[in-house]
Amino acid sequence: MNIEEIKEEYLSEIEKANSLDEVNEIKNKYLSKKGKVSELMGKMKDIVADKKASYGQAVNTLKTFISDHLDSIKDNLETKALNEKLERETIDVTMPGKNYSAATKHPLNKLVDDISEVFVGLGYKVAEGPEVEKDLYNFEMLNLPKDHPARDMQDTFYVDVNTLLRTHTSPVQARTMEASSKDEPIRIICPGKVFRKDDDATHSHQFMQMEGLVIGKNVTMSDLKGTLDYFMKQVFGQDKTIRFRSSYFPFTEPSVEVDVSCTSCGGKGCNLCKGSGWMEILGAGMVHPNVLRMSGFDPEVYQGFAFGIGLDRIIMLQYGIDDIKRIYTNDLRFLNQFRRD
Ligand code: DAH
């Protein structure tokens, strides 16, 4: 084929090309080392001497023509592709957005946060302990040796003879005292899940407690009372009062049950407090000398107080929740009632 024929062939082929791939294929066919234009150059040796220069010039002109032409075709195709893409990806800013509903804090976690904030403000540290606990910490080091009758009240789920799901957050007391340097005072709170085999409307096999422990020199029962009074007022309102009723816990001596004036009627008596005017929400006392001794503290030198708050009970009373299981079943009909919006 001569120069003119090749140009014709190129033009008819490029006219049909409508993708970048096809254009590149054509470029290859004509302009690569073994392409048609190179072939034309190769024919130089057959051209008579005085035509060689004009022949070479004509092939070069064709080469430049095809190369420029291909560039402009490519440019056009790229612009077209880009425009199509932009067209496809146009965002309709007037379309309504997807509506995500933000969750709200679970009332139990809110209470944990509220109480923690008060105690952290008083210089307490937040401590943690394992939920699968050793009998040693859950019972023995709290003055509840094997066969102690008070263990019955807290019968639970055993993993093996010496390992169980903790029945209260009190083992964190023993762990903290044992691990302490013994020459610095201890001030901790420990919120956490606890487990018992109870099962009725006000008891669940899982519930939440908040433990508190203070150890130091000259710690007295009036410190306990002052601390609890301050805490109740901060969390439930300045008009609240507390009362101590004597009680028994193996790990404290003396031991008390602590009531706060009813958060609903303020003490007059109502449905929530069953007419008593008081809500029973925690157990407390002065740390038993045996407990101090077992964790390496000399009870002649150190004293302490401890308390354990039942958190589920508080929100059940505050919000009039009739069944503790509602707190744990993640039913949105229940949870949405605590939304702030
Ligand atoms: N551990 C007790 C319970 O679960 C509550 C308790 C009572 C904790 C008195 C204490 C305390 O720290 O001093 O019933």
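**Note on the predicted model: pocket, sheet and a buried serine**

1. The second largest pocket encloses about 210 Å³ of space. Its lining comprises 15 residues, of which Leu108, Asn109, Lys193, Gln206 and Met208 are the closest to the centre. These values, like those below, come from a predicted model.

2. Three elements, helix H5 and strands S5 and S6, each contribute at least two residues to the lining of this second largest pocket. Strand S5 provides the most, with 4 residues. By residue class, the lining holds 6 nonpolar, 5 polar and 4 charged residues.

3. Helix H5, which spans residues 107-121, also lies across part of the sheet: S1, S5 (186-195), S6 (206-216) and S10. The helix runs at about 5° to S6.

4. The sheet itself is open and has 7 strands, in the order S1-S5-S6-S10-S9-S8-S7, with mixed pairing. Strands S1 (125-126) and S7 (242-249) are the edges; each has a single partner strand, so one side of each has no neighbour in the sheet.

5. Within the sheet, S9 (residues 278-287) and S10 (residues 303-310) are paired antiparallel over 5 bridges. In this pairing leucine 282 is placed opposite isoleucine 309 of S10. Helix H10, residues 311-319, lies across S6, S9 and S10, and its direction is at about 50° to S10.

6. At the S7 edge, S7 and S8 are antiparallel and joined by 7 bridges. The two strands make a hairpin, with 2 residues between them. Phenylalanine 244 faces valine 258 in S8, standing opposite it.

7. Serine 261 belongs to strand S8, which covers residues 252-261. Is serine 261 buried or exposed? Its relative accessibility is 4%, and serine 261 therefore counts as buried, the cut-off for buried being under 20%.

8. Which residues does serine 261 touch, leaving aside those up to four places away in sequence? They are Asp239, Lys240, Thr241, Gly266, Gly277 and Trp278. Of these contacts, Trp278 falls in strand S9, which is made up of residues 278-287.

9. In summary, the points above describe two regions. One is the second largest pocket, to which H5, S5 and S6 each give at least two lining residues. The other is the S7 and S8 hairpin, together with serine 261 in strand S8.

Key. Residues are numbered from 1 along each chain as its sequence is written. This is a predicted model: local features need pLDDT of at least 70, side-chain atom pairs count only at pLDDT 80 or more; totals for chains, interfaces and linings use all residues. Side-chain values use heavy atoms; hydrogens and water are left out. Two strands pair if DSSP finds at least two bridges between them. Contact means heavy atoms within 4.5 Å. Axes are lines fitted to C-alpha atoms, for helices over the stretch in contact, and angles run from 0 to 180 degrees between N-to-C directions. Buried means under 20% relative accessible area, exposed over 50%, partly exposed in between (1.4 Å probe, protein chains only). On a 1 Å grid over the protein atoms alone, a cavity is a set of points where a 1.4 Å probe fits but cannot get out, and a pocket is an open set with protein on both sides within 12 Å along at least five of seven lines; lining residues have an atom within 4 Å of a point. Grid points are joined across faces, edges and corners, and a volume is the space filled by probe spheres set on the points. Ala, Val, Leu, Ile, Met, Phe, Trp, Tyr, Cys and Pro count as nonpolar, Asp, Glu, Lys and Arg as charged, and the others, Gly among them, as polar.
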